[in-house]
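Biologist: I would like a close look at one part of this protein, the first helix and the residues around its start. Please set that part in the context of the whole chain before going into the contacts.

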Amino acid sequence: MDEFETFSPFPAPTNTRPLLGLTILLVEDSRYASEAMRLMCLRSGARLRRADCLYAARRHLKVYRPSGVIVDIGLPDGSGLELIEELSTASPRVGMLLGLSGDPDVADRVVAAGADGCLIKPLRNLAGFQQKILAALPAERQLAGPRALTDEVIEPDRTAYCDDMSRAANLLNVPGDEGILDYVAQFLGGVARSAGDDQLADAARKLAHSRRNGTPSDLLAATARVGTLVQDRMQKRAAIY
């Protein structure tokens, strides 16, 4: 678990920083997606903390009560739906509970699990993000009066994308565990779609398909393809420095 320092000295929301006073726990394994969320919270006035798995989130919530929680559905140690179900029935309940996914088709499952809504990756439009958060807040936390809307588009630092590539490369090197490929395919697919990397997203989709339906040779080829693309993106980062 780590913390993004997104603090504000102002105690109450304003029409340009409508999330002032909120503390949000983000449960997300991707550094790239987390960086996008950090920038949006920074622009909006919210304080953001991050946990990268279910275990870290549960440990965190034992000692810290945020205003709201945003949970990615695909996590390394299980489904985020599990945590959403737990938090939705806890007493007292957190003021805002949202799911997060790159797959729009899971939104109904997220709400059925007890969330107030679902954010769909990629997260780029600042006004859309703010509206989704505000809509999920209790009435007493809603911002009164008109609010300035912005067409600002958030672009995370590509270094965070390269960090995700390094993580995927390490996972691909774990010997004798083909099951981990399911997580790698899901993880890379979400990260690639968020970053607009269609080539890698397609390769991750084919890896997932090969795990479900392919022959051993299909799986070997799909894994090698993903590994090559990941290494290529890591080498481009090294070239920058």
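Modeller: The protein exposes about 11500 Å², of which carbon and sulfur atoms supply 53%; this value, like the others here, comes from a predicted model. Of the 241 residues in the protein, 48% are buried, and the secondary structure comes to 9 helices and 8 strands. Among contacts between residues at least 6 apart in sequence, 68% join residues at least 24 apart.

Just ahead of the helix you ask about, serine 30 is found in the loop between strand 2 (23–27) and helix 1. With a relative accessibility of 3%, serine 30 falls under the 20% limit and therefore counts as buried. A polar atom of the serine 30 side chain lies 3.2 Å from the backbone nitrogen of tyrosine 32, and a polar atom of that side chain also lies 3.1 Å from the backbone nitrogen of alanine 33. When residues up to four places away in sequence are not counted, serine 30 touches Arg50, Asp164, Phe187 and Val191.

Arginine 50, one of those partners of serine 30, belongs to strand 3 (residues 47–51). Although arginine is a charged residue by the classification used here, arginine 50 has a relative accessibility of 4% and so counts as buried. Its side chain reaches the backbone oxygen of aspartate 29 at 3.2 Å, and the side chain of arginine 50 also makes a polar contact of 2.9 Å with the side chain of serine 34.

Further along, helix 1 (residues 31–44) meets helix 5 (residues 126–136), their axes coming within 10 Å and crossing at roughly 80 degrees. An angle from 65 to 115 degrees counts as roughly perpendicular, and helix 1 and helix 5 are therefore described in that way. On the side of helix 1 the contact is made by Met37, Met40, Cys41, Arg43 and Ser44, while helix 5 contributes Leu126, Phe129 and Gln130. By type, the residues of this contact divide into 5 nonpolar, 2 polar and 1 charged.

The chain leading into helix 5 also deserves a look, since the loop between strand 8 (117–120) and helix 5 holds proline 122. The peptide bond from lysine 121 to proline 122 is cis, with omega near 0 degrees. A cis peptide bond also joins serine 91 and proline 92, where omega is about 0 degrees, and proline 92 has its place in the loop between helix 3 (80–89) and strand 7 (96–101).

Within strand 8 itself is cysteine 118, which counts as buried because its relative accessibility is 8%. Leaving aside neighbours within four places in sequence, cysteine 118 is in contact with Leu98, Gly99, Leu100, Ser101, Ala107, Val110 and Lys132. The C-alpha atoms of cysteine 118 and isoleucine 133 are separated by 9.8 Å, with these positions 15 residues apart along the chain counted as their spacing.

Taken together, the start of helix 1 is accompanied by two buried residues, serine 30 and arginine 50, with side-chain polar atoms of serine 30 placed by the backbone nitrogens of tyrosine 32 and alanine 33, whereas residues including Met37 and Ser44 of helix 1 take part in the contact with helix 5.

Technical notes
Residues are numbered from 1 along each chain as its sequence is written. This is a predicted model: local features need pLDDT of at least 70, side-chain atom pairs count only at pLDDT 80 or more; totals for chains, interfaces and linings use all residues. Side-chain values use heavy atoms; hydrogens and water are left out. Axes are lines fitted to C-alpha atoms, for helices over the stretch in contact, and angles run from 0 to 180 degrees between N-to-C directions. Helices (H or I, at least four residues) and strands (E, at least two) are DSSP runs, numbered from the N terminus. Angles under 35 degrees count as roughly parallel, over 145 as roughly antiparallel, 65 to 115 as roughly perpendicular and the rest as oblique. Contact means heavy atoms within 4.5 Å. Buried means under 20% relative accessible area, exposed over 50%, partly exposed in between (1.4 Å probe, protein chains only). A polar contact is a pair of N or O atoms within 3.5 Å; within protein, one must be able to donate a hydrogen and the other to accept it, and residues adjacent in sequence count only if both atoms are side-chain atoms. Accessible areas come from the Shrake-Rupley method with a 1.4 Å probe; for residues, only the protein chains shown count as cover.
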